[in-house]
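Colleague: Could you take a close look at one part of this model for me, namely how the two copies sit against each other and what they bring to the contact? Cut-offs included, please.

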Protein chains: 2
Amino acid sequence: MSRLLATLLSSFVIMILAAGHLSAADPTAEKARTLRHVVLFKFKDTSTEADVARIVAAFRGLPAKIKEIAAFEWGTDVSPEGKSQGLTHCFLVTFRSEADRDAYLPHPAHRDFVAIVGPHVDKVCVVDFWSHD
Amino acid sequence: MSRLLATLLSSFVIMILAAGHLSAADPTAEKARTLRHVVLFKFKDTSTEADVARIVAAFRGLPAKIKEIAAFEWGTDVSPEGKSQGLTHCFLVTFRSEADRDAYLPHPAHRDFVAIVGPHVDKVCVVDFWSHD
């Protein structure tokens with residue numbers, strides 16, 4: 001029985017180590033399939049705080065409506081470097097493939113968002129990149 | 001002995017479930033402490049491919065030299081939207097705190113990098129943001 005116990009415990013330890021190894025390896029594998037879609041906005045001086053809040057809420061609503069979005073995050077500029085070119089809001093949308101990004105762009109929910117944000121955009125910058133280390 | 005075995009196995013199962021729960025909870029906790037530093041470059045027309053490769057290599061070398069960098073990734077623009085404003089290279093540097101970002105900016109290794117990239121920059125955009133869902 002103690003041999004069985006030892007075998008079982010060893011198996012568990014191996015499983016735990018293997019799980020640790022896999023989870024350590026996963027990010028690299030994931031990264032290889034990570035297409036980042038970076039969207040930066042400067043809103044018009046005439047756009048109110050309520051307008052901007054509505055735009056942010058609308059963008060934040062997209063992951064629930066567009067299944068191709070693998071990850072989503074956003075925030076407002078806090079850089080002390082003064083090189084933001086006036087862009088104040090950054091949205092980082094992650095896809096697993098260009099096909100997913102290509103499904104997102106003309107998606108009705110995305111088009112609805114573009115219609116909401118459009119009138120308030122003073123400046124926009126969009127860069128997509130495949131994530132490398 | 002079989003009771004000991006059962007107890008030990010139960011403990012392992014509980015540990016595994018707890019670990020799963022923690023790792024599921026971690027991303028949110030991590031995200032709350034995730035400060036993204038987004039750097040976009042357009043290089044000069046006079047900068048050669050070799051210049052750009054040297055710059056990318058120098059930037060990629062920073063995580064090994066600056067311990068405050070929590071994560072690093074980069075890539076070149078593949079957006080079909082035509083809104084990149086000429087910016088071709090995106091670097092996403094992640095910090096855990098503004099203190100870490102503030103240690104990075106004047107770090108000698110970062111200053112060396114700035115000296116390398118400076119002469120080749122036609123346009124730069126830097127936005128830092130605390131990551132929100």
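Modeller: Turn chain B by 180°, shift it 0.0 Å along the axis, and it lies on chain A with an RMSD of 0.0 Å; the fit is least squares on the C-alpha atoms of residues with pLDDT of at least 70 in both copies. The two copies are therefore related as by a two-fold rotation axis.

Bear in mind that this is a predicted model, where local features need pLDDT of at least 70 and side-chain atom pairs count only at pLDDT 80 or more, while totals for chains, interfaces and linings use all residues. Residues are numbered from 1 along each chain as its sequence is written, with chains lettered from A and ligands numbered from 1 in the order in which they are written.

Now the contact. Chain B puts in 35 residues and chain A puts in 35 residues, counting two residues as in contact if their C-beta atoms, placed from the backbone, lie within 7 Å. On the chain B side, at least two residues each come from α1 (2–32), β1, β2, β3 (89–95) and β4; helices here are DSSP runs of H or I with at least four residues, strands are runs of E with at least two, and both are numbered from the N terminus. The largest share of that side is the seven residues from β4(B). Sorted by class, the side of chain B that touches chain A has 19 nonpolar, eight polar and eight charged residues (nonpolar: Ala, Val, Leu, Ile, Met, Phe, Trp, Tyr, Cys and Pro; charged: Asp, Glu, Lys and Arg; polar: the others, Gly among them). Since 100% of the interface residues of chain B are also interface residues in chain A, the copies meet through the same surface.

As for the sheet behind β4(B), chain B has an open one of four strands, ordered β2-β3-β1-β4 with antiparallel pairing (a pair needs at least two DSSP bridges). Its edge strands are β2 (71–76) and β4 (121–130) of chain B, each pairing on one side only. From one strand to the next the twist averages 15°, using lines fitted to C-alpha atoms as axes, with angles from 0 to 180 degrees between N-to-C directions. Inside the sheet, β1 (residues 35–43) of chain B runs antiparallel to β4(B), joined by nine bridges, and B:Phe41 stands opposite B:Val124 in β4(B).

Over in chain A, nine bridges likewise link β1 (residues 35–43) to the antiparallel β4(A), where A:Val39 faces A:Val126.
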